[in-house]
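Please look over the structure shown below before reading on. The report that comes after it deals with helix packing and with charged side-chain pairs.

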Amino acid sequence: MAANMYRVGDYVYFENSSSNPYLVRRIEELNKTANGNVEAKVVCLFRRRDISSSLNSLADSNAREFEEESKQPGVSEQQRHQLKHRELFLSRQFESLPATHIRGKCSVTLLNETDILNQYLDKEDCFFYSLVFDPVQKTLLADQGEIRVGCKFQAEIPDRLAEGESDNRNQQKMEMKVWDPDNPLTDRQIDQFLVVARAVGTFARALDCSSSIRQPSLHMSAAAASRDITLFHAMDTLQRNGYDLAKAMSTLVPQGGPVLCRDEMEEWSASEAMLFEEALEKYGKDFNDIRQDFLPWKSLASIVQFYYMWKTTDRYIQQKRLKAAEADSKLKQVYIPTYTKPNPNQIISVGSKPGMNGAGFQKGLTCESCHTTQSAQWYAWGPPNMQCRLCASCWIYWKKYGGLKTPTQLEGAARGTTEPHSRGHLSRPEAQSLSPYTTSANRAKLLAKNRQTFLLQTTKLTRLARRMCRDLLQPRRAARRPYAPINANAIKAECSIRLPKAAKTPLKIHPLVRLPLATIV
């Protein structure tokens, strides 16, 4: 029961195609539609097969740097190949999928410096990520910040002074005093000066045209003048004037008019505030992305200050209540029964059910991944005309991890030697055309065209055997059955027997008259 119960925050497998690997997604919301079905709003995670070859090279260099910095133990080529299947790339892309397409749970963790990569291979349904993929910009970025350690980031604490020892350092260069609690003013006098500062701020807003438009009423102007920026300015004025009330009063109202102090809440327009709320809904408290995509004309400090001031407004409280009410109305979990329908790629025995998938598959073919010849169930894999298949365990591995257990030629890697035109050196369209995971019938032709041309040179005995043993070879019948095996050794042996007799009666050769090139053109 618990295994089939899916909650918000779970990482799950989604199936969008019977032949393609599962999609790995994180559930953000569970919503019930008008017709009673349940839809899941999910965060997209991408595999290596989903990104371009240039980004794969970038991911490889990042993996090498991680192995060097964290001093990972050595791994074999097969383990390195399988680790690429366990690596995912987080994104900020959301999509809605039917909850009935969920096929199980998995675990996705952020790669840590203390992690050992081999441990991920020992656990089922376990993935890791360290980079964030942007599907729009086609970029890969690190998901965790750098640990800032050193004299550039931490203060150097000097030794403690002994009793009676004087500090000869210049205090003015080290810090600036902004308030003296031992000042000659009483608390009543300070409060009265703060009231005067608020009144001056209200009068200054009445004189300012832009402030009069934003705060058309006296109550709004007085509320804006009572914000912290006015109080900070008043206390700073007292400090700079040596806590002399007369001098501080003249500083508040200079000859040109009263001083107007406005914080970020007043400086921002209503449209800018709406953009900020929209960005906060999309990116959360990622202020760098908010500034880059929504408010590039604002500084990062201005956005951070506005955020903490915005949290003190009624607007924030209303949005918080609305989100809490929406969260209560949404589903917290959903039960999805185990999917038991047979896969269309399942190869059924031809004798039991004729016409089903599996008709035309030759007996004796091995698993494309582990090369076994025995399995309780077989599955068709790759282009239909290539007649590749996977055993039951390798099919489950393919669906979950998006690759084969061992590198094969169909995945772009040679089994023994490196091909001169491997998939890593091809462009993106060529690499897609070489992919065996698509179902297009024309991909087999592209597969043959993109590979290096080779010539098959036959021996003289083979060429003779074609003519001497036509009754055994039956070339027309063999051409119609390209996958039927031909016993070449038996034909050559029969040719060796017939050859002495045939030497006395030469073969009839029909000369072919070839037209000149000019006539053909």
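What follows describes two helices and then several salt bridges in this predicted model.

Helix α2 covers residues 77–86, and its buried residues are H81, Q82, L83, H85 and R86. These buried residues pack against β5 (87–98), α3 (118–122), β7 (126–134) and α15 (392–401).

Helix α5 runs over residues 187–207, and because each of its 21 residues should contribute 1.5 Å, a span of 30 Å is expected, which agrees with the 31 Å that separates its end C-alpha atoms. The buried residues of α5 are I190, F193, L194, A197, V200, G201, T202, A204 and R205.

Across the whole structure, a search finds 20 salt bridges; three of the pairs are set out here.

| Salt bridge | Closest N to O distance |
|---|---|
| R92 and D286 | 2.9 Å |
| D471 and R498 | 3.1 Å |
| K177 and D180 | 3.7 Å |

The salt bridge between R92 and D286 links distant parts of the chain, since R92 belongs to strand β5 whereas D286 sits in the loop between α11 (270–283) and α12 (287–293), 194 residues apart. R92 counts as partly exposed because its relative accessibility is 43%, and D286, at 24%, also counts as partly exposed.

D471 and R498 meet through their side chains in a salt bridge. As D471 lies in helix α19 (residues 470–473) and R498 in helix α21 (residues 488–504), the pair ties together parts that are 27 residues apart in sequence. D471 is partly exposed at 46% relative accessibility, and R498 is partly exposed with a relative accessible area of 23%. K177, by contrast, counts as exposed at 54% relative accessibility.

Finally, E15, R103 and K399 are joined in a network of salt bridges.

Key. Residues are numbered from 1 along each chain as its sequence is written. This is a predicted model: local features need pLDDT of at least 70, side-chain atom pairs count only at pLDDT 80 or more; totals for chains, interfaces and linings use all residues. Side-chain values use heavy atoms; hydrogens and water are left out. Buried means under 20% relative accessible area, exposed over 50%, partly exposed in between (1.4 Å probe, protein chains only). Helices (H or I, at least four residues) and strands (E, at least two) are DSSP runs, numbered from the N terminus. Contact means heavy atoms within 4.5 Å. The expected span of a helix is 1.5 Å times one less than its number of residues. A salt bridge is a side-chain nitrogen of Lys or Arg within 4 Å of a carboxyl oxygen of Asp or Glu.
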